[in-house]
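Subject: The structure for you to look at

Hi,

Here is the structure I promised to send over. Open it up, have a look around, and then read my notes below.

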Amino acid sequence: MRTIRIGNGQGFWGDNVDAPVELLRGGPIDYIGMDYLAEVTLSIMMRQKLKDPRLGYATDFIGFIRRVLPEIKERNVRILANAGGLNPRACRERIFEVARELGVKGLRVGVVEGDDIFLRLRDLLAAGHEMRNMDTGEPLAPVVDRMMSANAYLGARPVVEALRQEAHIVLCGRITDTALALAPMIHEFGWAADDWDRLAAGTVAGHIIECGAQCTGGNYSRWWEVPDLWNAGYPIVEAREDGTFTVTKHEGTGGMVTVGTISEQLLYEMGNPREYIGPDAIADFTSIRLRQDGKDRVAVSGIQGRPRTPFLKVSGSYLAGFKTSGQITVSGPRAVEKAELAAEIVWKRLERAGVTFPEEARSTELVGTGVCLPGIFPTPAEPPEVVLRLGVRDADAAKVTRFGLEIAPLITAGPPGVTGFAGGRPKAQEVMAYWPALLAREEVEEHLVVSVEEV
Amino acid sequence: MKVKLYEVAQARSGDKGDASNVGLIARTPAIWEVLRAQATPERVADHFRGVCRGGVERFEVPNLLAFNFMLKDSLGGGGTESLKTDAQGKTHAQGLLQMDVEIPEELLREVRA
């Protein structure tokens, strides 16, 4: 049976920049998917685009393309990325500039548009689409003026269309991470739009590899068993027409692929395991069968799917005030008591200055005493040092800035043994809160545009 | 015999809004059955009482020898709003593995071998 190899070279914007290059050069590979968009990345891109209409995409991606451009075309390794962000056309223009600089001709780059519904929000509300917050149930209308971005999670179909038009590189905005793996399978094997089991299988494959090294030994419970984690190979799915696949990595790389590493990643960010809802199908994770099939090879089969829902998920972001945090290190005898005193100084001085924050909008953490998992580990009686981390959140940026002035004075006016204050006064940062919602899929699908151009 | 979960299971955690999810994977089918009785949502909620304010829901994933726990209202607002060091529940898996469970000796021998 014919097999195609689909890798993930980037789990998020900020991941190892050498990983996709190693994935390309380390052995056979047909497709490389690259994920750059976390939930609120698009709001950051919106800021960038407002400042400069040529920005609003993941600029790191250009650095990668510059390193691999002649090679991917010569070897016909196709790159699928959501690096387009809010401006995939600008991203393509930049890639074309790089291609011209490098003398590469005949490069075809596809762009998928239509996920960005920001400018349509008011029309959609007026047409009766409520787009309530999926987490809180609140309606969107009262928040719409503060929205900074709104994008629908697209499925694999528009990417398949770009591949059919022979794009070497496909640039998307808000597409599901899983679609980057599913699209090549649909393209190569011609899976039907209602072949729910296979579409679910491709979705599961995408879920396994979407976080890069997190399925090849990264973040693994039994970390002491993982060889050469520094050199962990990024994951590759060997996909077959029947919907079964094998997860592996290039020979000679570090990390490992075992039933253990794959099981952990399958459960990552999981809700109800019986219904993993993607734009192309619903996958039932309780149907997945895993089998170790030799060293660093896990065979995956048995996956059952159900019909897709009539909705697409929308990922929105809105301005929800400001926050900041500052920290100092407190060392020496009675470090915990001294850190508590330092915190008291900050909060009392702010109160005297008339700057107060409700309990849920301020935090005092003594890092080193069990703040991540309070009550689970015994608190050390006498730690030689603790990090005092203070934070506030407020609708008023001036109040947050005022808080930021109170950290540095602790060096000379607090308890002894205070150090580690660096980076200047903490500044108020905008809080971009997340607005997940559902929207009737035809409202998005009717606006999809796929264009493939050649340099 | 009383042991920490990390001797007999693996885990991974992440965020879902203001909830965290912790996937727990038993190392053998027999241990999965033991954990089914002992790693109840009530016990996990009590274990995380310093973190979780909204209760715990458990899903069974027997084909992966696993359970998925949803720890509701656990991230101080979640994502970008939270002031917590661990705003995404990344450490919660390590926290769950610190929970005590009672495992028969013969099942322990299998995983310690």
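What volume does the largest cavity have? About 70 Å³. Keep in mind that this is a predicted model, so treat everything here as computed.

**Cavities**

A quick word on the idea first: if you roll a probe the size of a water molecule over the atoms, you see where empty space is left. Doing the search here turns up 2 cavities of 30 Å³ or more.

Which residues surround the largest cavity? The lining is made up of I6(A), G7(A), N8(A), G33(A), D35(A), D177(A), T178(A), L180(A), A181(A), G206(A), I209(A) and E210(A). In chain A, β1 (3–10), α7 (179–189) and α8 (196–209) each bring at least two residues to that lining. The largest share belongs to β1(A), with 3 residues. Sorted by class, you get 4 nonpolar, 5 polar and 3 charged residues around the largest cavity.

The second largest cavity holds about 40 Å³ of space. Look for R157(A), A193(A), L199(A), P279(A), D280(A) and R308(A), which line it. How many of its lining residues are nonpolar, polar or charged? There are 3 nonpolar and 3 charged residues, with no polar ones.

**A pocket**

Next, try the second largest pocket, with a volume of about 560 Å³. It is lined by 25 residues, and the closest to its centre are R362(A), S363(A), R53(B), G76(B) and K84(B). So which element gives the most to this lining? That would be strand β15 of chain A (residues 362–367), which provides 4 residues. The classes here are 6 nonpolar, 9 polar and 10 charged.

**A patch on the surface**

Last stop: the outside. M134(A), F311(A) and L438(A) make up a nonpolar patch on the surface, and together they have about 270 Å² of accessible area. To find F311(A), go to strand β14 of chain A, which covers residues 311–331.

Why does F311(A) count as partly exposed? Its relative accessibility is 41%, and partly exposed means between 20% and 50%, so F311(A) falls into that class.

A good way to start is to colour the lining of the largest cavity, from I6(A) through to E210(A), and then pick out the three side chains of the patch, M134(A), F311(A) and L438(A).

Cheers

Terms used:
Residues are numbered from 1 along each chain as its sequence is written. Chains are lettered from A and ligands numbered from 1 in the order in which they are written. This is a predicted model: local features need pLDDT of at least 70, side-chain atom pairs count only at pLDDT 80 or more; totals for chains, interfaces and linings use all residues. Side-chain values use heavy atoms; hydrogens and water are left out. On a 1 Å grid over the protein atoms alone, a cavity is a set of points where a 1.4 Å probe fits but cannot get out, and a pocket is an open set with protein on both sides within 12 Å along at least five of seven lines; lining residues have an atom within 4 Å of a point. Grid points are joined across faces, edges and corners, and a volume is the space filled by probe spheres set on the points. Ala, Val, Leu, Ile, Met, Phe, Trp, Tyr, Cys and Pro count as nonpolar, Asp, Glu, Lys and Arg as charged, and the others, Gly among them, as polar. Patches are made of residues with over 30% relative accessible area and no salt bridge: like charges are joined within 9 Å, nonpolar side chains (Val, Leu, Ile, Met, Phe, Trp, Tyr) within 5 Å. Accessible areas come from the Shrake-Rupley method with a 1.4 Å probe; for residues, only the protein chains shown count as cover. A salt bridge is a side-chain nitrogen of Lys or Arg within 4 Å of a carboxyl oxygen of Asp or Glu. Buried means under 20% relative accessible area, exposed over 50%, partly exposed in between (1.4 Å probe, protein chains only).
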